[in-house]
Amino acid sequence: MTDLLSGRRHVVAADRTAVPSGVRGDARRRRRLGLIVAAVLVLVLVVTGLAVVAGDGVEDEPRAGAPPPSAPAAPDRPTLRELMPSGVRIGSAVDGRPLSLDPAYRALLGTEFNAVTTENAMKWRSLEPSEGVYVWAGADQLVEFAEQHDQEVYGHTLVWHSDVPTWVSPQWPAERVRSALKDHVTEVVSRYRGRVWAWDVVNEVLDEDGSLRDTLWLRKLGPGYIADAFRWAHAADPGARLFINDYGVEGRSRKADALLKLVGELRRDGVPVDGVGFQSHLPWDAPPPDLTANLRRFADLGVSVAITELDVRIELPVTPAKLKRQAEVYRDVLRSCLALSACVSFTVWGFTDARSWIPGYHRGYGAACLFDEDLRPKPAYSALADELGRLTRPTAAPAETP
Ligand code: G3I
């Protein structure tokens, strides 16, 4: 038989003893060689196989500047900002840390939202930790990011009872408190004149029973501080939309009634209140039943309305049923906003569970956002995209913002 590898002829014998030793030796050498070749072949196959399965390991280490492996692939679906009808912004609160450090966070923020709110960077304590010394970096970073991504900036917040810098002393005489507050509002609004679309001028001025919240500003300056803050902000940037923002006012309640009365009075007194912000920090199982009707009665005052800080916290553990219910709450709030041409923006208070205030403040609750900890869209995200996809309202319609 002719050997295909060497071309040399072979002699095959039934009884080994009949074969001369030299020939037997050759045969043994050929068999050993064959075994070695086969073993090498198997080894090569195994090694290559392993390399294919595990990858070369190098890929696991994100290359410098390369998006981390968790970076969401470019969505092969229209994003929320692409689906949103004109005249209504889809926004998110932004945490400065991931904005600086996390390319995946930045990528999603830039592609999904056409409006951004500073979660903390524009609060008085962050901006002016010591008197007259301003720290603009965090706020500037977000405004620049927004301008690079064609997003509107919603400034949060100028006058609030929380996050007041420690150098503002309750011992001060009223006049000093007043000038410090006026200087702060004027300084901040002037700096971002024409670059911030809207401001939460005053935040959470009402207590749960609808009375004016007992704050340093109320104690020192009386209820007039609210109107003054709006006038100072308007003087610093006449083009910015000015909002009064609160929570627990999404459905009809004593607090919502009090806010409606306050806004009506301010408008009647010519105070430049352009809009009302409904924070909407909602529980997954008890959303406000009459949100649309409540928003409408504010819109009937001639102001814009906005969902400013939406999140839907889930009582842990998270289950598919709770995620489904959460998705319906997000969908319903969006529907309420889209039902009114006066609703000019729909903002979530952070878009990923990895960066949410809820677990720290609402013990036993979490998973409140549209994307999970790994930036994967949750049923709530799909519900919003689905609702926007169904929209009959023409997307090209010119904005009707009042
Ligand atoms: O930046 C400091 C950090 O340097 C320090 O090490 C750390 C530990 O104390 O604190 C960090 O500051 C925290 C800041 O968030 C940034 O993470 C503050 O302590 C913490 O109080 C602050 O919480 C924010 C809270 O407002 C108070 O300003 C939440 O992130 C923010 O989501 C929350 O947002 C409010 C809205 O402004 C108004 N409506 C309700 C909403 C939820 O409470």
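Q: What makes two atoms a polar contact?
A: A polar contact is a pair of N or O atoms within 3.5 Å of each other. In this predicted model, whose residues are numbered from 1 along each chain as its sequence is written, side-chain values use heavy atoms, with hydrogens and water left out. Local features need pLDDT of at least 70 and side-chain atom pairs count only at pLDDT 80 or more, whereas totals for chains, interfaces and linings use all residues.

Q: Why is the pair formed by Q279 and the ligand called a polar contact?
A: An N or O atom in the side chain of Q279 is 3.1 Å from a nitrogen atom of the ligand, and because this distance falls within 3.5 Å, the pair is a polar contact. E204 also has a polar side-chain atom 2.9 Å from a ligand nitrogen, while Y361 places a polar side-chain atom 3.2 Å from a ligand oxygen. The protein buries 51% of the 780 Å² that the ligand exposes when taken alone, an area from the Shrake-Rupley method with a 1.4 Å probe.

Q: Which residues around the ligand come nearest, and what kinds make up its shell?
A: The ligand has 14 residues around it (each with a heavy atom within 4 Å), of which E119, K123, H156, E204 and E309 come nearest. The shell divides into four nonpolar, five polar and five charged residues, where Asp, Glu, Lys and Arg count as charged.

Q: How do you know that D95 and R355 form a salt bridge?
A: Their closest N and O atoms are 3.7 Å apart, and a salt bridge requires a side-chain nitrogen of Lys or Arg within 4 Å of a carboxyl oxygen of Asp or Glu, so the pair qualifies. This pair links distant parts of the chain, 260 residues apart, with D95 in the loop between β1 (89–94) and α3 (96–101) and R355 in the loop between β9 (343–348) and α13 (358–361). The structure holds 24 salt bridges.

Q: What is the phi of E204, and where does E204 lie?
A: Although E204 is not a glycine, its phi is positive, at about 55 degrees, and E204 lies in the loop between β4 (198–203) and α8 (216–221).

Q: What omega goes with the cis peptide bond from H156 to T157?
A: Omega is near -5 degrees for this cis bond, and T157 lies in strand β3 (residues 152–160).

How values were computed. Polar contact = N/O pair within 3.5 Å; in protein donor to acceptor, adjacent residues only side chain to side chain. Helix = DSSP H or I, 4+ residues; strand = E, 2+ residues; numbered from the N terminus.
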